[in-house]
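The following questions and answers examine how certain descriptions of a structure are justified. Each answer sets a computed value beside the criterion that applies.

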Amino acid sequence: MKFLHLVSAALLAATAIPATAAEISDGKVKIGILNDQSGVYADFGGKWSVEAAKMAVEDFGGKVQGAPVEVINADHQNKPDIASNIARQWYDTEQVDAIMELTTSSVALAVQGLSQEKKKIDIVTGAATSDLTGKNCSPYGFHWAYDTHALAVGTGGALVKQGGDTWFFLTADYAFGYSLEEQTGNFVKSQGGKVLGSVRHPLATTDYSSFLLQAQSSGAKVVGFANAGLDTANSIKQAAEFGLVSGGQRLAALLFTIAEVHGLGLEAAQGLSLTEGFYWDRNDESRAFGKRFFDRTGRMPNMIQVGTYSAVSQYLKAIDKAGTDETEAVSKELHSMPVDDVFTHNGKVGANGRMIYDMYLMEVKKPSESKQLWDYYKVLATIPGDEAYIKPEESGCPLVK
Amino acid sequence: MTMVFGIPIQALLGQLLVGLINGSFYAMLSLGLAIIFGLLRVINFAHGAQYMLGAFAGYLMLAWFGIGYWPALILAPLVVAVVGIVVERFALSRLYDLDPLYGLLFTFGLALVIEGVFRYYYGVSGNPYPVPALLAGGENLGFMFLPIYRGWVVVASLIVCLTTWLVIERTKLGSYLRAATENPRLVQAFGINVPLLLTLTYGLGSGLAGLAGILAAPVYQVSPLMGSNLIIVVFAVVVVGGMGSILGAIVTGYLLGLVEGLTKVFYPEASSIVIFVVMAIVLLLRPAGLFGKDA
């Protein structure tokens with residue numbers, strides 16, 4: 001009888017001992033990349049971000065804590081309602097552990113809210129609004145790559161320094177545009193400049209001539225484009241056509257990456273100042289990464305795509321360190337671990353979820369200066385992370401005391 | 001300075017001119033749509049894709065063969081017209097006996113496929129296409145800086161619209177076309193090859209879209225999305241003008257371009273919907289459209 005008790009106790013104990021992979025929910029880690037894959041921002045992150053995420057998983061070895069890692073993706077068409085539905089489905093029925101990328105600020109805000117409610121981690125690389133780590137911050141929400149504040153300080157600051165002290169904005173008519181215009185405007189004013197006016201245009205407008213005429217007649221020295229993707233490319237092309245540049249006005253593409261420079265061509269893009277967090281032709285490490293990415297996709301990555309690589313890597317490192325994919329534990333690691341990979345070597349994450357790292361101020365080369373395809377930037381300056389990003393305690397995030 | 005509703009008259013003139021330029025594109029595109037609908041009774045959802053194809057044809061001719069803008073202005077529309085003719089002959093013509101919905105669904109699907117293929121190979125950021133040297137630069141008109149190329153677009157579009165209208169309303173070929181839409185059987189009985197007429201009409205309609213595309217290439221980024229951004233607006237133009245009315249499509253195209261231009265001055269946030277507001281009002285007051293005959 002005693003023997004039987006012992007055996008059953010042993011059996012019970014055996015079943016209660018978790019296998020290593022059991023610390024990982026459902027036996028695998030599933031990362032969802034949710035972004036625009038068919039609209040105006042499809043080159044900005046798009047399927048190239050999905051590829052970057054897959055590279056990160058492969059570089060990590062395909063497994064974390066013995067459990068396989070899977071990347072799935074979907075196109076949210078820049079619509080917060082569609083994005084929320086996909087995110088809900090991923091969390092509720094497809095065992096997705098974290099959602100990343102989230103291009104378009106309105107989408108990122110919606111999905112971050114949902115993720116907090118579902119107690120899941122989200123890492124935004126593709127959206128810009130600093131509200132994600134400001135008044136809308138989440139204990140499980142993180143913001144990688146860039147934000148409106150960093151762009152305002154980087155590009156805005158550089159142009160004011162060069163004497164561009166009066167501004168007129170062309171602003172995309174949604175959360176991201178407002179936030180970018182407001183922060184750049186505030187920064188310009190704090191440096192002694194003036195904002196003469198602004199005009200708001202619907203997302204995915206094709207013709208900007210009428211807005212450009214308003215910018216032209218304002219007499220501002222700098223015309224700031226608080227829009228992104230194809231919208232910015234079309235605005236810049238048409239600004240040159242309407243003689244804004246030859247009339248002496250400077251153009252500031254506040255959010256412009258190497259993907260859009262490539263699309264616009266150096267002829268139209270030359271001389272633009274812009275702020276990015278990554279450039280492939282900066283050192284041997286970035287060149288090697290750029291080449292690997294190019295071999296897979298036929299293009300060089302921008303900060304959104306390498307940022308997604310970094311976010312996925314860091315998430316897997318955090319799971320590895322925590323020994324589980326449980327949200328609280330992983331969030332704790334993500335908040336405390338330094339970020340050290342090809343994207344940045346001195347990144348740190350603030351209590352508001354903001355990943356703080358050095359940004360670069362670039363100038364687009366003249367066609368005559370470019371030696372090969374994708375040889376597009378001169379790195380003018382490094383903007384230290386603590387200058388580029390709002391200090392967590394000043395961000396307005398209720399989680400920071 | 002004279003003011004109109006708080007806007008300097010000079011700024012207003014500039015905006016009206018810009019509206020006219022956009023109206024030129026609307027007019028050319030809705031003209032093609034109206035012709036196709038008027039004669040084939042097909043709602044050609046592939047029109048935006050054909051416009052995009054025209055721009056890409058120009059871009060690829062330059063990139064691959066070094067063919068410049070002026071030859072492309074003839075060749076690109078021809079390429080698109082040939083593609084259109086092939087599509088009509090082998091697919092669309094089989095749907096004429098079915099409910100018009102099938103033609104709509106087919107062309108809609110076709111547009112998605114064409115755009116998807118180009119998006120796969122060329123991304124969405126688009127490709128640059130240079131303004132031809134002859135039309136580069138701009139002219140200061142006093143009230144605004146007019147890029148010469150944009151002026152050319154207005155002129156070209158007026159010529160194209162007038163010629164097409166004259167051909168259809170005033171020539172023998174045009175009278176065959178119009179007769180064939182009224183009563184295809186009777187026209188066929190007179191020995192006129194009606195299926196051929198329909199094929200050529202679809203070719204003409206898509207060629208017009210291709211022409212608008214190559215005209216637009218130096219102005220906008222040559223992007224796979226350029227057509228889908230425009231097509232819905234153009235449909236609204238056709239509906240406001242009266243389905244199938246060729247003159248209606250042309251006049252409404254220019255008019256709505258102006259209305260949109262004015263909206264961009266007074267309340268820019270509404271500029272993407274103002275055309276649909278106009279459409280709703282017109283449909284309430286005149287269900288057949290401004291120039292349509294009551295059915």
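Q: What is the strand order of the open sheet of 6 strands in chain A, and what kind of pairing does the sheet have?
A: In this predicted model, the order is β2-β3-β1-β4-β5-β6 of chain A, and the pairing is mixed.

Q: Why are β2 and β6 of chain A said to stand at the edges?
A: β2 (63-64) and β6 (141-143) of chain A each have a single partner strand, so one side of each lacks a neighbour in the sheet.

Q: How do you know that β5 of chain A is paired with β6(A)?
A: Two strands pair if at least two bridges are found between them. Strand β5 (residues 121-124) of chain A is joined to β6(A) by 3 bridges, and the criterion is therefore met. These two strands run parallel. Within β6(A), A:Phe142 is the bridge partner of A:Ile123.

Q: Which strands does α4(A) touch as it packs on the sheet?
A: α4(A) touches β1, β4, β5 and β6 of chain A, and its direction makes about 160° with that of β5(A). Helix α2 (residues 46-60) of chain A lies across β1 (29-35), β2, β3 (67-75) and β4 (98-101) of chain A. The angle between α2 and β3(A) is about 175°.

Q: What makes α7(A) roughly antiparallel to α1(B)?
A: α7(A) and helix α1 (residues 9-40) of chain B pack at an angle of about 155°. Angles over 145 degrees count as roughly antiparallel, so α7(A) is roughly antiparallel to α1(B). The axes of α7(A) and α1(B) are 9 Å apart.

Q: Which residues make the contact of α7(A) with α1(B)?
A: α7(A) contributes A:Ser209, A:Ser210, A:Leu213 and A:Ser217, while α1(B) contributes B:Ala11, B:Gly14, B:Gln15 and B:Val18. By class, this contact has 3 nonpolar, 5 polar and no charged residues.

Q: Why does B:Gly14 of that contact count as polar?
A: Gly is placed among the polar residues by the classification used, so B:Gly14 counts as polar.

Q: How many residues does each chain give to the contact of chain A with chain B?
A: Chain A gives 33 residues and chain B gives 30 residues. Among the elements of chain A that each supply at least two residues of this side are β8 (194-201), α7 (209-218) and α8 (229-241). The side of chain A that touches chain B has 13 nonpolar, 12 polar and 8 charged residues.

Technical notes. Residues are numbered from 1 along each chain as its sequence is written. Chains are lettered from A and ligands numbered from 1 in the order in which they are written. This is a predicted model: local features need pLDDT of at least 70, side-chain atom pairs count only at pLDDT 80 or more; totals for chains, interfaces and linings use all residues. Helices (H or I, at least four residues) and strands (E, at least two) are DSSP runs, numbered from the N terminus. Two residues are in contact if their C-beta atoms, placed from the backbone, lie within 7 Å. Axes are lines fitted to C-alpha atoms, for helices over the stretch in contact, and angles run from 0 to 180 degrees between N-to-C directions. Angles under 35 degrees count as roughly parallel, over 145 as roughly antiparallel, 65 to 115 as roughly perpendicular and the rest as oblique.
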